[in-house]
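Subject: Structure handover

Hello,

Here is the structure you asked for. My notes on a cavity and a chain contact follow below.

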Amino acid sequence: MTGPRDLNAQIESLVNRLRRRQVVGSWSVSLETALLLRQVVSVARWNQVNVLINLVKDVGGKLVMAQPRELAVGNIVRRVLRLIRDVYNSEVSNSNTNLTSTSEEVEDDDKDYEDDNVIKSPPQKSKTYDLQSYSGPGSIISSSFFSSSASMINLLGDGSVSGKEASLDYDRKCYNLKPTIISELQELINELENMYVNIADQAMEHIHSNEIIMTVGKSRTVEMFLKTAAKKRKFSIVVAETSPKYLGHEMALSLSQAGIDTTVISDSAIFAVMSRVNKVIMGTHAVLANGGLISVSGTQMVATAAKHHSTPVVVCTGLYKLSPLYPYDEDSFNDLVAPDPVMSFDEGELIDKVTILNPYYDYVSPELVSLFITNTGGHPPSYLYRLINENYDPEDTVI
Amino acid sequence: MENEGNKKSIKERTKAKHKEKQSKEMNESSNKQVAALFSHLEIAKGANASLASRDIHPAVLVIGLQFADFKICGANARCIATLTAFKKVIQDYKTPEGTTLSRHLPTHLSPQISYLVNSRPMSVGMGNAIRHLKLEISTMDIDLADDDAKLLLCEKIDNFIRDRITVADRVIVSYGLQKIQDGDVILTYARSSVVQALLLEAHAKGIQFKVIIVDSRPRLEGKGLLRCLVDAGISCTYAFLHAVGFVLKDVSKVFLGAHAFMSNGALYSRVGTAMVAMMAKEKNIPVIVCCETYKFAEKVQLDSFVMNEQGNPDEMVNISTTSTPKAGLLDGWLHKPDLKLLNLLHDLTPSKYITTVITEVGMIPCTSVPVILREYKQV
């Protein structure tokens with residue numbers, strides 16, 4: 001059993017690796033964060049939930065500061081905080097009705113998402129609203145109607161008075177919550193690990209034969225999405241190389257190796273070719289609360305060109321990229337990186353007299369996006385606020 | 001003697017067959033890699049002097065090679081180079097026995113023209129210029145002596161270059177100066193000779209403005225413009241096309257050059273122009289095109305597919321921005337069966353994205369292009 005000192009060492013190690021960009025990419029960062037937070041919950045000494053919440057917020061704050069542009073870190077921290085509060089609330093309501101703690105069994109992610117959307121609103125943790133509880137390995141969580149049916153509360157108002165009072169305190173002594181919280185965290189980690197498969201499984205519903213699909217840059221999600229569809233459908237892909245990073249080249253190589261007919265075009269030909277493209281499928285770096293995207297530079301061009309040709313824009317992303325932050329200023333999430341790929345030092349005397357711009361990200365406004373395909377199914381941009389309500393708490397928006 | 005002759009011809013024949021086979025193989029491999037939508041467009045083959053037959057004038061040979069290698073690039077430059085080369089052809093021309101200059105000269109020029117077209121498809125302006133030249137030749141007075149006729153033709157060519165290109169550019173610049181004010185931030189794309197002249201002239205007049213040059217792969221023509229403007233002392237910013245959304249926030253006007261203007265008001269220009277025009281229009285920034293009237297075409301075109309030019313796809317493999325090439329990941333793309341590279345050279349900007357066109361006859365909306373053409377025809 002590792003002690004708190006080892007835990008601090010682990011936290012420092014992840015913070016350093018994030019700062020040095022040794023962990024790159026939203027997915028790997030999210031997975032590492034979730035694993036570290038699981039360690040925090042299991043190792044750290046706490047007997048009151050508010051202590052745990054403050055601890056997680058503390059660790060989360062350090063991680064967010066290490067790589068501020070990587071919004072996925074903050075998202076995972078917020079998910080964990082919400083998860084802890086939910087477990088606490090359900091525990092409180094259980095003890096209110098005088099029952100011993102039950103083991104939770106949250107439904108698996110690879111259950112059909114259609115059921116989730118139709119019957120129960122919270123897609124991750126579907127709960128039946130039984131008034132009885134029962135324990136056992138394959139049991140479904142029991143909860144009183146008021147406090148744990150999160151979506152119902154939000155529909156009907158601010159929630160029942162008793163539930164809210166109890167959740168504000170977080171000071172009940174709950175030693176027995178630890179295994180529950182850890183198993184919930186494990187569900188989160190499983191969801192992250194199965195992310196690509198869940199999204200790729202929806203591929204057949206969105207691609208028909210002989211389509212010409214355009215994609216931008218390199219996204220592992222989109223790659224798996226297209227490769228899964230290519231097993232049964234015949235279509236062609238046009239990849240826009242995103243100079244100066246040339247991510248499009250890697251994507252095209254990988255797709256053509258899977259046997260998909262791929263054409264690489266330069267960024268300048270995007271508008272020219274767009275009139276023959278049936279749909280645009282792309283990944284993103286982050287999704288903001290209004291449905292806007294922060295994605296690789298060049299995406300705004302593609303999305304605007306698609307809008308002008310009335311071509312649908314489909315964004316494949318995992319829920320861990322959904323952030324509750326608003327883009328009050330378009331540039332607040334952008335980075336200008338080294339201009340060397342644009343104009344290198346070989347052009348010596350020229351670079352002294354010229355400003356060279358090389359933005360890394362682009363902001364795409366939500367009007368340009370038609371559909372988000374997430375591991376929980378397809379959603380229009382207007383639905384994202386519901387997903388944010390279900391997965392994050394408003395007090396966690398600033399970590 | 002006969003045997004030797006036979007042997008020689010056999011050698012020549014086998015050599016020719018081998019060459020044919022080689023070019024066929026090259027064509028086949030390149031055909032495999034052509035994107036299906038563009039299979040009706042030929043891919044640029046690169047400079048190849050062996051394609052020329054014996055009667056190509058050396059001046060034409062030289063510019064043909066320069067066109068194929070993109071050493072002379074840009075509609076105005078190519079047109080002037082072609083007309084200058086044809087001037088030399090006409091000066092060296094001798095009318096053969098039994099025919100007149102006005103009848104034979106066009107047939108003499110035809111193989112030169114087809115050689116140029118083989119090196120690189122002709123631009124619309126070049127086509128108009130050559131049509132004008134042929135018209136002048138056919139309306140030549142038969143009684144005129146050969147030397148006088150040739151002098152007259154050369155004079156007419158000079159007049160064309162002067163009136164429709166050089167002076168037209170100056171008039172366009174003077175109109176364009178009205179559109180540049182102090183404090184403007186002007187965005188331009190790739191390299192247009194007219195826009196370059198306009199910006200240099202505006203700076204010389206003392207107008208305080210900034211220029212943002214947006215450039216794109218694989219030609220990177222904007223760099224040449226950047227050097228030219230920086231040498232003149234204009235404060236410039238340089239970015240690639242992916243940054244155009246980021247950069248347009250501060251821009252007040254967009255100036256673009258043209259390769260040709262279609263009769264339906266659509267602008268045919270360097271690939272990427274349509275993207276810049278569209279993004280600017282989205283943000284309600286005026287898009288001003290500078291175009292001489294000799295580039296107006298009788299054709300109508302709706303998309304960038306039916307008529308276009310494909311450059312050498314291997315240009316996309318090189319990812320370095322300097323003159324030393326550095327092969328990127330796509331090296332060896334020919335051997336990967338499902339991978340194709342598309343290197344388009346031009347694209348079509350629909351008229352709704354263009355605010356106004358500055359020509360030597362004034363500032364017109366792009367829908368007035370067929371009206372101007374009609375005026376010229378009546379003259």
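A cavity is a set of points, on a 1 Å grid over the protein atoms alone, where a 1.4 Å probe fits but cannot get out; its lining residues have an atom within 4 Å of a point. The model is predicted, so local features need pLDDT of at least 70 and side-chain atom pairs count only at pLDDT 80 or more, while totals for chains, interfaces and linings use all residues. Residues are numbered from 1 along each chain as its sequence is written, chains are lettered from A in the order in which they are written, and side-chain values use heavy atoms, without hydrogens and water.

The second largest cavity has a volume (the space filled by probe spheres set on the points) of about 100 Å³. Its lining includes Asp331(A), Tyr361(A), Phe246(B) and Lys249(B). Strand 9 of chain A (strands are DSSP runs of E, at least two residues) gives the largest share, three residues.

Two of these lining residues also pair up: Lys249(B) forms a salt bridge with Asp331(A), with the closest N and O atoms 3.1 Å apart. A salt bridge here is a side-chain nitrogen of Lys or Arg within 4 Å of a carboxyl oxygen of Asp or Glu. The interface of chain B and chain A has four salt bridges by this rule.

The contact (heavy atoms within 4.5 Å) takes 55 residues from chain A and 50 residues from chain B. About 4,600 Å² is buried between the chains, meaning accessible area (1.4 Å probe) lost on putting them together, summed over both.

Regards

Terms used
1 Å grid on protein atoms, 1.4 Å probe; cavity = no way out; pocket = protein on both sides within 12 Å on 5 of 7 lines; lining within 4 Å. Helix = DSSP H or I, 4+ residues; strand = E, 2+ residues; numbered from the N terminus. Buried area = accessible area lost by both parts, 1.4 Å probe.
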